[in-house]
There are 2 protein chains.
Amino acid sequence: MVTINDIAKEAGVAKSTVSRYLNNGSVSADTRRKIDKIIEKTGYTPNNFARSLKAQKTNMIGVMIPRLNSASTNEVLEGIDEMTRKLGYQLIITNSDQNNEREFENIQTLAKQKVEGVIMFARELTPEHIDTVKKTGTPFLFIGQKAEGIHSIIHQDYQAGAKIGTYAIELGHRHFLYVGVPEKDRAVGVERRQGFLDAVRPVNGSTVEKIESDFSRTSAYQKALAFLPKTEATYIVCATDNIAVAVLKAAKDLGYSIPEDFSLSGFGGYEATAYVSPTITTVSYPYREMGLEAVKKLVRLIGKEEVPNISEMGNELVINQSTAYFDKI
Amino acid sequence: MVTINDIAKEAGVAKSTVSRYLNNGSVSADTRRKIDKIIEKTGYTPNNFARSLKAQKTNMIGVMIPRLNSASTNEVLEGIDEMTRKLGYQLIITNSDQNNEREFENIQTLAKQKVEGVIMFARELTPEHIDTVKKTGTPFLFIGQKAEGIHSIIHQDYQAGAKIGTYAIELGHRHFLYVGVPEKDRAVGVERRQGFLDAVRPVNGSTVEKIESDFSRTSAYQKALAFLPKTEATYIVCATDNIAVAVLKAAKDLGYSIPEDFSLSGFGGYEATAYVSPTITTVSYPYREMGLEAVKKLVRLIGKEEVPNISEMGNELVINQSTAYFDKI
DNA sequence: TGCTTTAGAGGAACCGGTTCTGTTGATTAG
DNA sequence: CTAATCAACAGAACCGGTTCCTCTAAAGCA
């Protein structure tokens, strides 16, 4: 590897001069030209490690995601990437594969890497998570879940659930099937559902059947195949767009028509909902903006500025073809 | 920040002792206990930079992707992530947003970061790319495209195209519409198409109309809306699954039935093709395996082992519901 | 008991940069 | 003409680790 010493030696100057050349200036035109040429020739690039070591600043931000193949995660990531670059930071992305052990590991790894802050896509949050995070002393920002004493940025999941509930009731539906996800994910598994339930329950004669899937399409598809024939629901609420796409597919494969036999909706606002037939009604979340906000907020945290503990992102009901009036009342 | 010096001072030992404690051993049980306690108390984590600086080894691998919201990229990334972790490396992911300038920038950034090797998802490859890469002196591996003098791992795109061509001819189709992507992406834009054309052209009376989209669904959807009504084709070949999903949607919106009015196929084997109706015939690519292979190959390159210049991954025709015999001959 | 071996620890050098201090020769002000 | 100023550069210290060399005291051996 070519180092600053090699450059200095070859140019016949002190390495401090080369360093000055690389940074602020105060180098004569003559020396400048000499160094220029040698760097060009050798293809020298300064070692960022050595730099960071002295500067006590790594300019790196860590991101921890639960899995790589999630549309929502990737949209947030795009936002993070954009803002990160804009603010002059470098991203280190680690994947935990939805595995708690690997999350702990990754928190450690990022700490060793001396990233200046970490954005973590939270799923299930155990006390051990909170503990590990606090021990690092590194600024942390959770995305998607809130936790005592740690800054976070979340969706208004309860409100999103309520929007769907209210909308479905307005359409005249009274019998619902809720395809949910495990409660370990509080935001999606509990709050989103609760918002829906609270909007629907007060209405006379309403019923809600519940089944639980995970976040994968295969699981939702299987559950739907088994459950659709025996439900009395006229409206199927899916906890995510992915689940909705899978349930739609299952319904079609069983010979049902959407929205004639069932109305159907998801949450998220993924592109996929617009490229199936019928297009799926959903609540659209501002993923990209969330990524932008997350980085801005983290950077303020790094700079030890005052930042509100919890930020919430809004969302918006998007009515598509998969939902219709229940006119057989 | 807590450093090894702080630990040493507090324990009343030399920092070399603490270092030995952290690494190989040769520390008395007594001292070990003392240091143990202090590290626990202070939450000390060794600074990887300082370590790398001395060790001349960063244990980092850089990955450069063109965009974050691509299903195929993410599947390859999963494979990369898995193998990377297995072999004890740390991933730095940079996104170039399909922008050449940013690719050059990122190559520089990764070089400064002193990653031990880089896996780059190649799109358009200009001489400047090759040049920039070679100048870094860092081991590089291209995914998806080959380039003179740089190692790469690619799909058998020509063969994949030929598979679709042969299959469509067997079904009795003679008139084709090829929805392609720009030729700047040689693998997808040229070779995949050429494989198809070479399989189809020799057949008597066959015709191929061509339109060009980009990799986005919106673009493909718009083009299809305009073009489907006037084509004489009975089989639509889409250069990617994403395009196929969009064309399917457009066809439905125009009132066509698939495969009754048109047969339709894609390339890639994304999950999405299985969750639309009808399911889409495609060629399935081993993305995850490609990621695994890529890291293995790169690590061999880093270790200066002999590695074949180009590795090819196979692929497999997956027949689904979107293609049918053309029986009106 | 005396000599050799070895475990455990300290000290210094080193990795590749940045930055502070000091020196020198030329330029400018008085 | 002398004193003050300044640009340009050299040299040394430092960042937080690792590692090599050296020293000492205890253990092993004859």
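Visitor: How far is a polar side-chain atom of Lys15(B) from a base nitrogen of DNA strand D?

Guide: Happy to help! This is a predicted model, where local features need pLDDT of at least 70, side-chain atom pairs count only at pLDDT 80 or more, and totals for chains, interfaces and linings use all residues. Side-chain values use heavy atoms, without hydrogens or water; residues are numbered from 1 along each chain as its sequence is written, with chains lettered from A and ligands numbered from 1 in the order written. For Lys15(B), the distance to the base nitrogen is 2.8 Å.

Visitor: Which residue's side chain has an N or O atom 2.7 Å from a phosphate oxygen of DNA strand D?

Guide: Sugar and phosphate account for 60% of the atoms of DNA strand D that come within 4 Å of the protein. A base oxygen of the strand lies 3.2 Å from a polar side-chain atom of Ser16(A). The phosphate oxygen in your question is 2.7 Å from the side chain of Arg51(B).

Visitor: Which element gives the most to the surface near DNA strand D?

Guide: "Near" asks for a heavy atom within 4 Å, and helices (H or I, at least four residues) are DSSP runs numbered from the N terminus. Helices H2 (15–22) and H4 (48–55) of chains A and B each supply at least two residues. With 4 residues, the top contributor is H4(B).

Visitor: How many residues line the second largest pocket?

Guide: Lining residues have an atom within 4 Å of a point of the pocket, an open set on a 1 Å grid over the protein atoms alone, where a 1.4 Å probe fits, with protein on both sides within 12 Å along at least five of seven lines. Arg51(B) is among those nearest the centre, and H4(B) provides the largest share of the lining, 6 residues. The lining comprises 40 residues.

Terms used
Polar contact = N/O pair within 3.5 Å; in protein donor to acceptor, adjacent residues only side chain to side chain.
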